[in-house]
Amino acid sequence: MTKHFDRGAAAPGRPLRFESGCVTQRALLATETVMNTVHVLNGPNLNLLGTREPETYGNATLADIEERLSVLCKRSGTTLHFRQSNHEGDLVTWVQEAGRLGEPVILNAGAYSHTSIAIHDAIKAAKTKVIEVHLSNIHAREQFRQKSLISPVARGVIFGFGALSYVLALEALLTEAA
Ligand code: DQA
């Protein structure tokens with residue numbers, strides 16, 4: 001579907017003005033985006049990254065991952081909200097908030113991915129895209145990690161690439177938004 005934008009009024013990352021019936025002016029450049037904000041939500045124990053089982057999760061800390069995403073978001077004019085909580089209800093609340101705002105989410109729900117009907121329901125109710133990510137390849141691990149309750153309601157799932165899983169999820173959102 002062709003998108004119709006008045007590019008004169010919109011800097012990259014700023015809200016784009018939609019003009020009904022106008023003719024396409026020019027294609028978006030690769031570095032431009034129509035995604036203004038992204039929420040990156042991290043669940044339990046991910047605050048321990050860097051020291052927690054580095055053979056499984058790598059050496060990058062959560063702050064390293066945030067920094068990497070923040071550079072990419074700045075480049076594309078996207079505001080990054082990066083959060084972590086050890087509490088299931090916080091993740092539910094944050095998914096609901098993003099859903100109310102219609103803003104996309106990258107979610108690593110940690111162990112709650114395998115257990116949380118509440119997060120599953122929040123994603124299902126949210127009127128926004130949620131990409132599920134995992135650092136590790138959950139299908140190459142214990143059986144209890146091989147089922148995710150998030151996957152059936154996620155836009156897509158990226159796992160097994162360490163910190164790069166987050167970067168790939170962001171790239172997917174930016175590409176789909178362009
Ligand atoms: C994880 C995988 C989960 O099984 C685990 O409980 C985590 C991290 C990952 O990113 O690989 O906390 O979500």
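Does Ala178 count as buried, partly exposed or exposed, and at what relative accessibility? In this predicted model, Ala178 counts as partly exposed because its relative accessibility is 43%, and the cut-offs place partly exposed residues between 20% and 50%. Ala178 is found in the segment that follows helix α5, which spans residues 164-177. Although Ala178 and Val34 are separated by 144 residues in sequence, their C-alpha atoms are 5.8 Å apart in space.

From this residue one can step back to the chain as a whole. The protein chain has five helices and five strands, and, read from the N terminus, these elements follow the order β-α-α-β-α-β-α-β-β-α. The chain comprises 178 residues, of which 46% count as buried.

One of the residues to look at next is His134, which belongs to strand β4, residues 130-134. With a relative accessible area of 4%, His134 is buried, because the cut-off for a buried residue is a relative accessible area under 20%. The side chain of His134 forms a polar contact, at 2.7 Å, with the side chain of Glu132, and a polar side-chain atom of His134 also lies 2.8 Å from an oxygen atom of the ligand.

That brings the ligand itself into view. The ligand is surrounded by 13 residues, and the closest of them are Asn108, His114, His134, Leu135 and Ser136. By character, the shell around the ligand is made up of five nonpolar, five polar and three charged residues. Besides His134, a polar side-chain atom of His114 is placed 2.7 Å from an oxygen atom of the ligand, and for Arg145 a polar side-chain atom is placed 2.9 Å from an oxygen atom of the ligand. Taken on its own, the ligand has 320 Å² of accessible area, and the protein covers 99% of that area.

A further feature to trace is the second largest pocket, whose volume is about 160 Å³. Its lining draws on Met35, Asn36 and Thr37, on Gly102, Glu103 and Pro104, on Thr128 and Lys129, and on Leu173 and Ala177. Sorted by character, the lining of this pocket consists of four nonpolar, four polar and two charged residues. Ala177, one of the lining residues, is also the residue at which helix α5 (164-177) ends, and the segment that contains Ala178 comes after that helix.

Notes: Residues numbered from 1 in each chain as written. Predicted model: local features only at pLDDT ≥ 70, side-chain atom pairs only at ≥ 80, totals over all residues. Heavy atoms only, no water. 1 Å grid on protein atoms, 1.4 Å probe; cavity = no way out; pocket = protein on both sides within 12 Å on 5 of 7 lines; lining within 4 Å. Points joined across faces, edges and corners; volume = space filled by probe spheres on them. Nonpolar A, V, L, I, M, F, W, Y, C, P; charged D, E, K, R; others polar. Near = heavy atom within 4 Å. Polar contact = N/O pair within 3.5 Å; in protein donor to acceptor, adjacent residues only side chain to side chain. Areas by Shrake-Rupley, 256 points an atom, 1.4 Å probe, with all protein chains shown as cover. Helix = DSSP H or I, 4+ residues; strand = E, 2+ residues; numbered from the N terminus. Buried < 20%, exposed > 50% of the residue type's maximum accessible area, 1.4 Å probe, protein only.
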